[in-house]
Every structure is written in C-alpha cells, then in structure tokens.
Amino acid sequence: MKLYNLKDHNEQVSFSQAVKQGLGSQQGLFFPLELPEFELTDIDAMLEMDFVSRSSKILSAYIGDEIAPHQLAERVKAAFAFPAPVAKVSEDIACLELFHGPTLAFKDFGGRFMAQMLSYVSSADEQITILTATSGDTGAAVAHAFYGMENVRVVILYPQGKISPLQEKLFCTLGGNIETIAIDGDFDACQALVKQAFDDEELKKAIGLNSANSINISRLLAQICYYFEAVAQLPQEQRNQLVVSVPSGNFGDLTAGLLAKSLGLPIKRFIAATNANDTVPRFLQGGSWTPNAAVATLSNAMDVSQPNNWPRVEELFRRKTWRLTDLAYGAVSDETTEATIRELAEIGYISEPHAAIAYRLLRDQLQDGEFGLFLGTAHPAKFKESVEVILGQALPLPQELADRAGLPLLSHDMPADFAALRAFLIKA
C-alpha cells in the first residue's frame with residue numbers, strides 16, 4: 001500500500017511507514033494512492049461474512065501484501081473483540097452502537113487496531129512516544145489500547161475542565177506508560193501543540209514521536225469496517241435507501257464512512273452533524289472556510305473548530321468526482337440537543353449529546369422511503385452528569401466506569417505552551 005502526503009504529493013510512504021510516522025511533512029495527512037473498489041457481488045458476499053473476516057478483507061484491500069492475510073486477520077481479531085450492534089429506535093431509524101468496547105466509545109475500534117499495527121510494524125528495540133490530543137474519547141481508547149505495551153510511552157493532552165469527569169477518570173487513572181496532561185485551553189490548543197511537536201524534527205527523532213489521533217491512517221481504516229457491519233445487520237429493503245448521520249468533530253468518522261462508500265458500500269447519502277462548532281456546515285452552505293474560536297458545548301467531543309480530517313474528505317470527493325453539494329449537513333444547539341435527548345427517552349432510547357445531534361438531523365432530513373442510521377459514538381453513562389440532569393433520572397454506571405470512578409487523577413497541569421510540553425517530553 002502506498003500513501004501520499006496531501007500537502008506534498010511527492011512524499012509517498014508505505015502503510016508501515018505511515019503508521020509509524022503519523023503525519024507527513026508540513027503536517028500533511030497521508031491518503032491512499034489507490035482507492036480500491038469491490039464489485040457489487042463481492043459486497044453482497046462480504047455482507048454475509050462475520051465481522052472479523054469481513055474487516056480483514058476490507059483492510060487487506062488497502063494494506064495489500066505488506067501484511068499477510070492470516071497475520072492481519074489475527075490482529076483484527078485481537079482489536080475487534082466486541083460487537084457493533086444496530087439498535088432499532090423507530091420504524092425508519094436505528095442507531096449503530098459503537099460503545100461496547102473497553103472504554104465505551106467508538107474510538108476503541110481505531111485505537112486498538114492502531115496498537116496492533118504499531119506493534120506489528122515496529123522493531124522490538126524501537127522506542128516510541130505516542131503523543132495525542134483528545135476532546136474526550138480518543139484519550140481513553142488510546143490509553144487502554146497501549147497500556148502496558150513495552151517500549152511505548154503514551155502522552156495525552158486534553159482541555160482542562162472541558163471533558164466529562166467520567167471521561168477523564170477512564171484514562172487519567174492508569175499511570176504506568178500512560179501520561180496525561182490537562183492543558184489550560186481548548187481542544188484546538190491541544191491539537192496545535194501536537195502539530196508543533198511533529199514539526200520539531202529534533203524532538204521527533206529524540207523520542208520516536210507518533211500520533212494516535214484520527215490523523216493516523218491505521219485508525220481511519222479501522223473505522224471503515226463498522227459501516228459494513230452496520231449494513232450487514234439491515235434487511236435488503238433498508239440497505240437500498242440508507243442515509244447515515246455522523247456526529248462530527250475532527251471528521252475522522254465521516255471520512256471513514258465516505259471511504260466505505262468509495263469501496264462500494266451502498267449508502268445513499270451522509271449527513272455531517274455538528275454542534276455550535278459549525279465550520280463545515282457554514283463552509284458547505286456558503287463556500288467560505290472561516291473557523292471561529294471553539295466553543296464549549298454539551299457534546300464536548302465535537303468541540304472542534306478546525307477539523308483535522310477535512311482535507312481527506314475534500315480529496316476523496318475530488319478523486320471520486322463526487323460533488324460536495326451532495327453531502328448533507330447541519331448544526332444543532334445545546335438547547336435542541338437537550339430536547340432531543342428527552343425525545344429519544346420518551347420513545348424508549350437512552351442516548352447522549354453526540355448521538356442525539358446525529359439523530360436530530362437525521363430525523364429532520366429523512367425522506368419518505370429512506371431508512372436512517374445514526375452513529376452512537378459513546379455510552380450515555382460517559383456523560384452521566386449532563387444526561388441525568390436533562391432526563392431527571394439516574395443512569396447506572398457500567399462496570400468499566402464504576403471500576404475507575406473512585407480512583408485519583410494522575411494528570412499534570414500545563415499551560416498551552418510548546419516549550420513547556422517539549423521539556424516534559426524530553427525529560428523521560
């Protein structure tokens with residue numbers, strides 16, 4: 001598999017190199033040189049396969065002969081050791097529940113697959129530092145995926161006071177090879193620090209720097225697989241008129257869904273669902289890319305005003321000669337998000353802010369004869385405080401959260417200052 005740098009098309013790397021390197025020069029994202037596509041008969045046959053077998057076939061189409069099929073299948077089996085069920089919400093809408101992994105969020109799929117790939121492509125004596133920014137769920141998924149892994153140091157930056165307390169407990173209580181830093185700033189400030197680190201060639205070499213954000217191609221490819229798993233669970237008549245609504249922050253999930261469509265998965269259209277951080281909806285509406293400062297919302301994992309993966313979306317549309325005007329979109333206020341959580345509860349489905357936003361736009365935009373699927377990206381209990389207030393009822397804690405709720409936080413506090421971060425990274 002060859003990938004090229006979106007900011008310098010002359011920089012081309014193998015899958016293994018892209019996994020280890022994370023970003024290209026000028027902070028450019030890697031993108032597949034070849035865009036594989038399955039025949040319709042292949043898609044039908046794949047939808048009859050089990051999750052791991054199908055996912056191995058999908059990933060092999062991108063990775064090629066760099067990893068032998070049987071070895072890839074073993075790694076996929078280790079990574080995807082939990083289900084992604086489709087839950088009926090109403091007659092014409094269902095939720096793809098991606099929160100049945102160890103950290104109760106969709107990031108478990110990408111985080112665990114990346115850990116498997118990095119351990120496969122790295123030599124035994126190679127020291128690696130994973131530096132990543134999180135707006136909530138990435139941190140936990142990456143921390144748990146790499147926890148206890150030899151020769152891997154994980155440093156996670158997150159915006160202080162801007163993620164839910166239970167999200168924080170999930171990844172800031174591990175210790176060991178997992179180090180967490182609460183940054184005095186928003187998610188974009190955390191992400192900017194990560195990018196600065198990747199621009200520092202001396203630092204990169206000194207600590208073997210890598211990233212586990214959705215900018216890493218291994219995480220992105222893993223996310224393609226659960227779109228196929230969703231369609232496999234639907235009857236034929238629902239597959240033919242499928243609309244998928246994706247809660248979007250950094251836009252990795254939407255990119256993966258579009259890549260699934262590029263492979264031949266029959267998805268009629270996508271809805272890019274955001275909160276008040278609506279850079280992409282405003283761009284799609286008016287053609288002007290004008291990010292505002294990120295604002296804090298109920299759906300904190302989507303509080304991103306400069307989504308990293310958007311260049312990949314644009315590149316895919318360009319390569320496939322699709323029209324960006326065909327991408328549906330919308331932004332939902334906190335007030336409407338709260339009302340939607342209550343509405344879902346009234347019809348028997350307990351949800352959280354991110355999925356509620358995706359549901360709301362899907363419900364509003366779904367046309368007669370279509371079937372809607374929205375992504376449930378996190379367990380409602382990860383947002384226990386806000387959901388309980390909105391619904392006026394207590395939510396039971398899943399065991400994964402209950403086990404960590406009482407543990408002390410092990411985080412460091414730091415200003416949004418690269419010199420301070422650099423000193424921290426070099427010290428170990």
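In strand β9, L209 is the bridge partner of T129. This pairing belongs to a predicted model. T129 lies on the β6 side of the pairing: strand β6 covers residues 128-133 and is joined to β9 by 2 bridges, with the two strands running parallel. Strands of a sheet pair through backbone hydrogen bonds, either parallel or antiparallel.

The pairing of β6 with β9 is part of an open sheet. Five strands make up this sheet, in the order β9-β6-β7-β8-β14, and the pairing is parallel. Its edge strands are β9 and β14 (412-415), each of which pairs on one side only.

Strand β7 (residues 152-159) contains I156. Is I156 buried or exposed? Its relative accessible area is 0%, so I156 counts as buried. Apart from neighbours within four places in sequence, I156 is in contact with T132, T134, G139, A143, F171, I178, E179, T180 and I181. A328 gives a sense of distance across the model: I156 and A328 are 172 residues apart in sequence, and 33 Å separates their C-alpha atoms in space.

Another strand to look at is β10. In β10 (residues 242-247), 6 of the 6 residues are buried, so the strand is largely enclosed by the rest of the structure. In a regular strand the side chains alternate between the two faces of the sheet. In β10, L242, V244 and V246 are on one side, V243, S245 and P247 are on the other, and both faces are covered. Which strands are joined to β10 by bridges? One is β13 (residues 371-376), which runs parallel to β10 and is joined to it by 4 bridges. Here L242 has F371 of β13 as its bridge partner. Another is β11 (residues 269-274), also parallel to β10, with 5 bridges between them. In that pairing, S245 is matched with I271 of β11.

The helices can be read in a similar way. Helix α4 spans residues 69-79, and its buried residues are L72, V76 and A79. Why do these residues line one face of the helix? Viewed down the axis of α4, the buried residues fall within an arc of 60°, so they line one face. An α-helix has 3.6 residues a turn, so residues three or four places apart point the same way. The buried residues of α4 pack against α3 (51-63) and α5 (107-121). On the other side of α4, H70, E74 and K77 are exposed.

Helix α14 (residues 310-320) has W310, R312, V313, E315, L316, F317 and K320 as buried residues. These pack against strands β1 (2-5), β2 (8-14) and β3 (30-32), and also against helices α10, α12 and α13 (279-286). Just after α14 comes T321, which takes a positive phi of about 50°.

Helix α14 also leads to the largest pocket. This pocket has a volume of about 300 Å³. It is lined by 16 residues, and those closest to its centre are K7, K195, P307, N308 and P311. With 3 residues, α14 gives the most to this lining. By class, the lining of the largest pocket is made up of 9 nonpolar, 4 polar and 3 charged residues.

The second largest pocket has a volume of about 230 Å³. Its lining has 13 residues, with K20, Q21, K204, G208 and L209 nearest its centre. Two or more residues of this lining come from each of α1 (15-21), α9 (201-207) and β9 (209-210). L209 is thus met again here, having appeared earlier as the partner of T129. The lining of the second largest pocket divides into 3 nonpolar, 5 polar and 5 charged residues.

Cavities come last. How many cavities of 30 Å³ or more does a search of the whole structure find? The search finds 3. The largest cavity holds about 270 Å³ of space. Its lining consists of 25 residues, and F106, K107, G249, N250 and A301 lie nearest its centre. Helices α6 (137-146), α10 (217-232) and α12 (252-263) each supply at least two residues of this lining. Helices α10 and α12 were also named among the elements that the buried residues of α14 pack against. Sorted by class, the lining of the largest cavity contains 9 nonpolar, 12 polar and 4 charged residues.

Technical notes:
Residues are numbered from 1 along each chain as its sequence is written. This is a predicted model: local features need pLDDT of at least 70, side-chain atom pairs count only at pLDDT 80 or more; totals for chains, interfaces and linings use all residues. Side-chain values use heavy atoms; hydrogens and water are left out. On a 1 Å grid over the protein atoms alone, a cavity is a set of points where a 1.4 Å probe fits but cannot get out, and a pocket is an open set with protein on both sides within 12 Å along at least five of seven lines; lining residues have an atom within 4 Å of a point. Grid points are joined across faces, edges and corners, and a volume is the space filled by probe spheres set on the points. Ala, Val, Leu, Ile, Met, Phe, Trp, Tyr, Cys and Pro count as nonpolar, Asp, Glu, Lys and Arg as charged, and the others, Gly among them, as polar. Buried means under 20% relative accessible area, exposed over 50%, partly exposed in between (1.4 Å probe, protein chains only). The arc is that of the directions from the helix axis to the C-beta atoms. Contact means heavy atoms within 4.5 Å. Two strands pair if DSSP finds at least two bridges between them.
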